[in-house]
Amino acid sequence: MELMTHRAAGWKIRLRKASDDAQIEAVFRDCLTDFPWRRAHDVELVRLHGLLASNHCLVAHEDHAGIVGFLTLERRKAYVPHLFVHRDWRFCGVGAGLLQVARDMARSPLSLDVDAQNGAALAAYKAMGWYEKVGQVPPREGQRRLSGP
Ligand SMILES: CC(C)(COP(=O)(O)OP(=O)(O)OC[C@H]1O[C@@H](n2cnc3c(N)ncnc32)[C@H](O)[C@@H]1OP(=O)(O)O)[C@@H](O)C(=O)NCCC(=O)NCCS
């Protein structure tokens, strides 16, 4: 079942199926190449697969391109461990769409942690109205905890 459709850009958002996992991993691996400060990519992949198995995951897909982005959600905490959009599909509303559907599922404003060195993501979150709450400490050093609108 589609949870959101962007008719002009052609993508749709739905819940993940197990058969999506290879494409999810491909998007994730490619995005990680832009984060040289994150060295242990194998550890990141283990964490991703653990979350896919135990939490909610939304995917954005397009008929020809396949999976163009995904988000994992710890629904009870309204926390987003992953938000990754294929580089060819950025600035098409995919990230904002995934966050909107996740917010509706959580029925609460969301939070996430972003690497302090990830200037592009920080700019995107700022554009979407995300902000840093005073006193919120991210679990990992070198990250910033953001709250969504
Ligand atoms: C950050 C990311 C998820 C944004 O996804 P996206 O699909 O490109 O974002 P959207 O198209 O929905 O854009 C939402 C808003 O952010 C803005 N935006 C997106 N990327 C931006 C950037 N690099 N710089 C400035 N603004 C940006 C858009 O212009 C839009 O603002 P608007 O509504 O005022 O026009 C995507 O760039 C990405 O996957 N990056 C690599 C992985 C990553 O860093 N993930 C975040 C980990 S916490």
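Modeller: The expected span of a helix is 1.5 Å multiplied by one less than the number of residues in it. The model discussed here is predicted.

Biologist: At 1.5 Å a residue, what should the 13 residues of α3 span?

Modeller: The rule takes one less than the number of residues and multiplies by 1.5 Å. The end C-alpha atoms of α3 give a distance that agrees with the expected value, so both come to 18 Å.

Biologist: How far does α1 reach from its first C-alpha to its last?

Modeller: α1 has twelve residues. At 1.5 Å a residue, the expected figure is 16 Å, and the reach in the model is close to that. The distance from end to end is 16 Å.

Biologist: How wide an arc around the axis do the buried residues of α1 cover?

Modeller: The buried residues of α1 are D21, I24, E25, V27, F28, C31 and L32. Because their arc is limited, they lie on the same side of α1. An α-helix has 3.6 residues a turn, so residues three or four places apart point the same way. The arc covered in α1 is only 160°.

Biologist: What covers the buried residues of α1?

Modeller: To be buried, a residue needs a relative accessible area under 20%. For α1, the covering elements include α2 (41-54), β3 (56-62), β4 and β5.

Biologist: Which residue forms an edge-to-face aromatic pair with F28?

Modeller: By the ring rule, the count comes to six aromatic pairs. In the pair that includes F28, the centres are 6.2 Å apart and the planes make an angle of 75°. Planes over 60 degrees apart count as edge-to-face, and the partner of F28 is F70.

Biologist: How many residues apart are F28 and F70?

Modeller: F28 sits in helix α1 (residues 21-32) and F70 in strand β4 (residues 66-74), so the pair links distant parts of the chain. F28 is buried, at 0% relative accessible area, and F70 is also buried, at 0%. Along the chain the two are 42 residues apart.

Biologist: Which residues form one aromatic cluster?

Modeller: The pair of F28 and F70 is edge-to-face. Both residues belong to a cluster whose members are F28, F35, W37, F70 and F84.

Biologist: Which residues are buried in α3?

Modeller: A residue counts as buried under 20% relative accessible area. What covers the buried residues of α3 includes β1 (4-6), β2 (11-15), β3, β4, β5 and α4. The buried residues themselves are V94, G95, G97, L98, L99, V101, A102, M105 and A106.

Biologist: Which residue follows α3?

Modeller: Most residues other than glycine have a negative phi. The residue after α3 has a positive phi, near 55°, and is not a glycine. At 75% relative accessibility it counts as exposed, and it is R107.

Biologist: Where is the place of F91?

Modeller: F91 has a positive phi of about 60° although it is not a glycine. With 89% relative accessibility, F91 counts as exposed. Its place is in the loop between β5 and α3.

Biologist: Which residues of α4 are exposed?

Modeller: The buried residues of α4 (residues 119-127) are A121, L122 and Y125. Because they cover an arc of only 100° around the axis, they lie on the same side of α4. What covers them includes β5 (79-85), α3 (94-106), β6 (111-115) and β7 (143-147). On the other side of α4, the exposed residues are A120, K126 and A127.

Biologist: Which residues of β6 are buried on one side, and which on the other?

Modeller: In a regular strand the side chains alternate between the two faces of the sheet. In β6, five of the five residues are buried, and both faces are covered. On one side are S111, D113 and D115, and on the other L112 and V114.

Biologist: In β7, which residue is the bridge partner of D115?

Modeller: β6 and β7 run antiparallel and are joined by five bridges. S111 stands opposite S147 in β7. For D115, the partner is Q143.

Biologist: At which residues does UniProt place the domain feature?

Modeller: The unreviewed UniProt entry names the feature "domain: N-acetyltransferase". In the model, the span is 35% helix and 27% strand, with its end C-alpha atoms 23 Å apart. UniProt places the feature at residues 11-149.

Methods. Residues numbered from 1 in each chain as written. Predicted model: local features only at pLDDT ≥ 70, side-chain atom pairs only at ≥ 80, totals over all residues. Heavy atoms only, no water. UniProt positions renumbered as here; feature names shortened; annotations may be inferred. Helix = DSSP H or I, 4+ residues; strand = E, 2+ residues; numbered from the N terminus. Phe/Tyr/Trp six-rings, centres within 6.5 Å; stacked < 30°, edge-to-face > 60°. Buried < 20%, exposed > 50% of the residue type's maximum accessible area, 1.4 Å probe, protein only. Arc of directions from axis to C-beta. Contact = heavy atoms within 4.5 Å. Pairing = 2+ DSSP bridges.
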